[in-house]
Amino acid sequence: MKPVWELPLDPSGIEVELDNGTHVRIRPGRPDDRAALMEAFERFSETSRYNRFFSAKPRLSDALATSLSDVDDEHQLAWAVFDPDKPSAVGGDSGLAIASARLFVSADEPGVAEGTLAIVDDYQGRGLGRFLIELLISTAAIDALRIVRFEVLATNRAMRGLMSKVGAHGSAVPNDPTVIRYDMPVPSMEDVDPTVGALYVLLRRVAEHRMPDDGA
């Protein structure tokens, strides 16, 4: 993939071209993404909702929406992905929300973070999942984390296939045969080749707990 443009950064995010030619806009998640998250949730199938939250959720509760938008760049780090060619009914200049990727840093296990992905059904199968996993690993590296942990339902074949493609090996979760755990070691920053250009600057600013602005 490659950034479509470089600097200066724009608060709406940067446009990225995936390997298959799909264009998306990406930026760090923000507390004001709550309405966009709720809008995206309405476009998830029941299966996608179950795979993400491990339970049937006919709607995204106010409490959960608030929790997911409570990005502090310390305990929860998030990337928000948009389709820049489709407007959002809830406003904003980034476009239509289509995906998110998150790291929830463990309070009990230093250096470990739970990784999660959520991609609207219409945008699945386009290489976005692999791109976001690689982005989470790069984010974890510059935040000096050791492991990114994904817990995946055993019935979620698409996510299990994606884990296999990125070289992750699964193990059983004690006392829960319905879930497979994938612990992905995080390389040191010296061994990471993060995306160059504007996306690299975004990564650096996430590590510094700063939001992008109009300057370089």
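Which residue does the side chain of aspartate 183 meet in a salt bridge? I found arginine 149 as its partner, at 2.7 Å from N to O, where a salt bridge is a side-chain nitrogen of Lys or Arg within 4 Å of a carboxyl oxygen of Asp or Glu. Because aspartate 183 lies in strand E9 (residues 176–185) and arginine 149 in strand E7 (residues 147–153), this pair ties together parts that are 34 residues apart in sequence.

**Entry: basis of the work**

I worked on a predicted model, in which local features need pLDDT of at least 70 and side-chain atom pairs count only at pLDDT 80 or more, while totals for chains, interfaces and linings use all residues. Residues are numbered from 1 along each chain as its sequence is written, and side-chain values use heavy atoms, with hydrogens and water left out.

**Entry: overall make-up**

I noted six helices and nine strands in the protein. Both are DSSP runs numbered from the N terminus, helices being H or I of at least four residues and strands E of at least two. Of the 216 residues, 49% count as buried; I took buried as under 20% relative accessible area, exposed as over 50% and partly exposed as in between, with a 1.4 Å probe and protein chains only. The protein exposes about 10,700 Å², and carbon and sulfur atoms supply 50% of that area. These areas come from the Shrake-Rupley method with a 1.4 Å probe, and for residues only the protein chains shown count as cover. I then looked up contacts, meaning heavy atoms within 4.5 Å. Among those between residues at least 6 apart in sequence, 61% join residues at least 24 apart.

**Entry: salt bridges**

I searched the whole structure and recorded eight salt bridges. For the opening pair I added accessibility: aspartate 183 is partly exposed at 30%, whereas arginine 149 is buried at 14%. Arginine 181 forms a salt bridge with glutamate 151, the closest N and O atoms being 2.8 Å apart. This pair also links strand E9, which holds arginine 181, with strand E7, which holds glutamate 151, across 30 residues. Arginine 181 is partly exposed at 22% relative accessibility, and glutamate 151 is partly exposed at 30%. I further noted that salt bridges with shared partners join Glu109, Arg149 and Asp183 into one network.

Within helix H4, I looked up arginine 130 and glutamate 134, whose side chains meet in a salt bridge at 3.5 Å, N to O. Why are arginine 130 and glutamate 134 separated by about one helical turn? The reason is that they are four residues apart in helix H4. An α-helix has 3.6 residues a turn, so residues three or four places apart point the same way. I recorded arginine 130 as partly exposed at 38% and glutamate 134 as partly exposed at 43%.

**Entry: nonpolar core**

I defined a nonpolar core as a set of buried Ala, Val, Leu, Ile, Met, Phe, Trp, Tyr and Cys residues joined through side-chain atoms within 4.5 Å. The largest has 53 residues, and those with the most contacts inside it are Ile26, Leu117, Leu128, Leu132 and Phe150. Helix H4 (residues 128–142) gives the most to this core, with 10 residues. I followed leucine 128 and found that it touches Leu18, Val81, Ile98, Ala99, Ile119 and Tyr123, residues up to four places away in sequence not being counted.

**Entry: helix H1 and threonine 116**

Which residues of helix H1 (residues 34–41) are buried? I listed Ala36, Leu37, Glu39, Ala40 and Phe41. They pack against helix H2 (46–53), helix H3 (62–68) and strand E5 (96–105).

Threonine 116 lies in strand E6 (residues 112–119) and is buried at 7% relative accessible area. Leaving aside neighbours within four places in sequence, I found threonine 116 in contact with Arg52, Ser100, Ala101, Arg102, Phe104, Leu136 and Phe150.

**Entry: charges over a ring**

I counted a charge as over a ring if NZ of Lys or CZ of Arg is within 6 Å of the ring centre and within 35 degrees of the ring normal. Arginine 52 lies over the face of phenylalanine 53, at 4.6 Å from the ring centre. Lysine 57 lies over the face of phenylalanine 53 at 5.9 Å.

**Entry: aspartate 143**

I placed aspartate 143 in the loop between H4 and E7, partly exposed at 23% relative accessible area. The C-alpha atoms of aspartate 143 and aspartate 73 are separated by 9.8 Å, with the two positions 70 residues apart along the chain.
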